[in-house]
Amino acid sequence: MKNGDVGGNDVIYFEDMFQPGFESLGYIMNQIPREQCPRIFVRCLAQAIDPDDFVHVWGMSKWMSTYEQMVNCFVTGVLATNEEMVAHMRIAGWTAPIYNISGLAFGKEEVLERIGGAVNIKPFDQRTRRVGFAARFDQEKQPGFFMNLAEEYQHSYPDVKFAVFSGGPLRSNNEDFITRARMMAAAGKLEIYENLSKNQYYDLLNDTRVLFNCALQDWVSNTVSEADTLGANVLYPAYRSFPETFANDPNRLYVPWSIDDAFTKLENLLDQSHNNMGLISDWNNGTIDRVID
């Protein structure tokens with residue numbers, strides 16, 4: 001900026017609002033002519049505006065919210081993934097211009113390439129009657145609710161498999177969840193797939209009928225786009241960002257914290273593919289275009 005190599009006709013875009021060293025931008029922008037300053041946009045993925053974010057679990061929120069106020073002072077705009085997030089930003093008193101781009105950056109073709117193309121999507125009626133859980137096993141993702149549902153559902157449908165998919169060793173900020181999951185796995189009530197590569201995870205999704213989510217904190221979630229791309233039904237709570245993500249689809253959203261409603265919706269989604277399958281991933285596939293716009 002100081003040398004004029006970057007100026008007012010340039011844009012710097014940060015895919016995550018939290019970026020160590022960010023203060024250096026404000027530091028130089030206050031010492032050079034305005035025409036030498038680029039426009040700066042940041043993407044908010046969660047931050048301290050989310051009451052269920054891990055920054056609150058670990059006691060980071062006091063300094064993180066102050067960091068966010070600093071960012072608001074000199075960015076051109078903050079990009080949000082949904083209107084619910086915008087509301088949280090407004091309540092927190094954020095002063096920068098806010099734009100809802102409604103979705104996460106996602107490449108549908110890149111996902112399909114990892115299974116060898118759309119031609120290799122497994123027909124729904126040939127898939128294992130499996131319900132997957134791909135969120136972190138931390139408390140804000142409510143893995144206990146998923147395990148409650150698994151035990152309840154298997155009383156009536158013992159043939160249905162419930163599985164946890166993890167890209168690393170299964171871990172949690174609440175060890176009680178890990179203990180319970182291991183006990184359920186030993187009893188044959190839960191499958192645990194750990195240390196999965198991305199391709200291995202996609203192969204499992206390609207043989208799964210439903211991907212289930214019960215997170216308090218997820219904001220759209222790339223997991224829904226991946227499953228929707230690979231032919232798996234998706235069942236998420238009607239909470240925060242998910243009604244917007246699902247376009248208020250009553251068949252794939254359940255009443256939050258209601259085992260009964262999740263149970264009923266799951267029965268239908270295990271039997272046949274939903275007629276709106278593919279629409280969520282199509283929409284998120286256009287998110288980068290909306291960012292550029």
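**Exercise 1.** Which helix gives the most residues to the lining of the largest pocket?

*Solution.* H9 gives the most, with 3 residues. The model in which this pocket is found is predicted. To place H9 among its neighbours in the lining, list the elements that give two or more residues: helix H2 (54–57), strand S6 (161–165), helix H8 (198–205) and helix H9 (222–229).

**Exercise 2.** Describe the largest pocket by its volume, the residues closest to its centre and the classes of its lining residues.

*Solution.* Start with the volume, which is about 890 Å³. Next, take the lining: 36 residues belong to it, and the closest to the centre of the pocket are Ala134, Ala135, Arg136, Lys141 and Asp218. Last, sort the lining by class: 18 residues are nonpolar, 9 are polar and 9 are charged.

**Exercise 3.** Find the volume of the second largest pocket, then state which elements each supply at least two residues of its lining.

*Solution.* The volume is about 230 Å³. Strand S1 (11–14) and helix H13 (287–292) each supply at least two lining residues. Of the elements, H13 gives the most, with 3 residues.

**Exercise 4.** How many nonpolar, polar and charged residues are in the lining of the second largest pocket?

*Solution.* First write down the lining: Val11, Tyr13, Phe41, Leu79, Tyr99, Ile101, Arg290, Val291, Ile292 and Asp293. Then pick out the charged residues, for which Asp, Glu, Lys and Arg count. Arg290 and Asp293 are in the list, and they fall in the charged class. The result is 8 nonpolar, no polar and 2 charged residues.

How values were computed. Residues numbered from 1 in each chain as written. Predicted model: local features only at pLDDT ≥ 70, side-chain atom pairs only at ≥ 80, totals over all residues. Heavy atoms only, no water. 1 Å grid on protein atoms, 1.4 Å probe; cavity = no way out; pocket = protein on both sides within 12 Å on 5 of 7 lines; lining within 4 Å. Points joined across faces, edges and corners; volume = space filled by probe spheres on them. Helix = DSSP H or I, 4+ residues; strand = E, 2+ residues; numbered from the N terminus.
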